[in-house]
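Student: I would like to work through this model slowly with you, one question at a time. Could we begin once it is in view?

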Amino acid sequence: MSTAEAGGVFHKARNRTLDAFPAGKPWRKEQTEDLQRVLKTVDRAIPLVLVSGNHDIGNVPTSETIEEFCQTWGDDYFSFWVGGVLFLVLNSQFYENPSKCPGLKQAQDQWLDEQLNIARQRNCQHAIVFQHIPLFLKSIDEDDDDYFNLSKPARKRLADKFIHAGVKAVFSGHYHRNAGGTYQNLDMVVSSAIGCQLGLDPHGLRVVVVTADKIVHRYYSLDELSEKGIEDDLMDLIKKK
């Protein structure tokens with residue numbers, strides 16, 4: 001399993017588990033400790049990439065909730081390389097409502113511009129973004145949902161920045177259903193939950209395989225993975241990497 005795959009799986013495991021116990025609420029400490037115990041059983045050869053969301057730092061984040069997240073799980077935004085692929089992990093709550101921490105949002109904006117400049121200058125094989133809230137659910141021009149997608153101005157501004165820098169795909173959750181679409185040459189991939197479902201999708205996870213020339217992803221139910229495992233065509237791609 002690649003780093004991208006691990007990030008997709010364990011972002012969902014953590015965020016879905018803590019849904020009912022946001023920062024500062026009863027049972028938060030116990031839920032956090034329980035999940036940390038579970039994650040310790042993961043093979044240490046699989047890096048964990050954790051993406052902050054609204055149930056971690058709040059729908060309207062503050063410097064205190066972000067600090068709690070960073071102390072517990074690590075940075076709320078960061079980048080990393082795997083081979084020639086640049087991965088960017090964003091705190092998408094800044095694009096939803098940064099009213100209580102405008103300085104922190106500004107810092108991420110500046111950092112993101114620097115990272116996108118690097119993506120352009122180094123001509124990386126791929127650049128991929130992880131963020132909790134999707135840019136959009138189906139279309140860049142869809143109406144504002146007020147919760148499950150970013151506002152039209154925010155989504156268009158980010159999407160255009162990503163495309164200009166050569167970003168190929170954005171992977172998100174938050175919607176508790178599978179969704180997504182394409183804007184120019186940018187894929188917006190929205191994965192359902194490993195826990196609570198709000199639609200008809202089964203409990204599951206998305207496997208992502210990144211090769212030198214393409215990004216292939218497929219959503220599997222937990223039953224499918226237990227009974228059949230990953231399909232041969234994806235396994236062949238993984239073996240070729």
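Student: Which exposed residues does the face of helix 7 turned away from its buried side carry?

Tutor: This is a predicted model, in which local features need pLDDT of at least 70, side-chain atom pairs count only at pLDDT 80 or more, and totals for chains, interfaces and linings use all residues. Residues are numbered from 1 along each chain as its sequence is written, and side-chain values use heavy atoms, with hydrogens and water left out. Helices are DSSP runs of H or I with at least four residues, numbered from the N terminus, while buried means under 20% relative accessible area and exposed over 50% (1.4 Å probe, protein chains only). On the face turned away from the buried side of helix 7, the exposed residues are P153 and H164.

Student: Within what arc do the buried residues of helix 7 fall?

Tutor: The buried residues of helix 7 are A154, R155, L158, A159, F162, I163 and A165. Taking the directions from the helix axis to the C-beta atoms, these buried residues line one face of helix 7, because they fall within an arc of 165°.

Student: How many residues does helix 7 give to the largest nonpolar core?

Tutor: A nonpolar core is a set of buried Ala, Val, Leu, Ile, Met, Phe, Trp, Tyr and Cys residues joined through side-chain atoms within 4.5 Å. The largest one has 42 residues, and those with the most contacts inside it are L112, L135, F162 and L186. Helix 7 gives the most to this core, and its share is six residues.

Student: What phi does G166 take just after helix 7?

Tutor: G166 follows directly on the end of helix 7. Its phi there is positive, at about 90°.

Key: Helix = DSSP H or I, 4+ residues; strand = E, 2+ residues; numbered from the N terminus.
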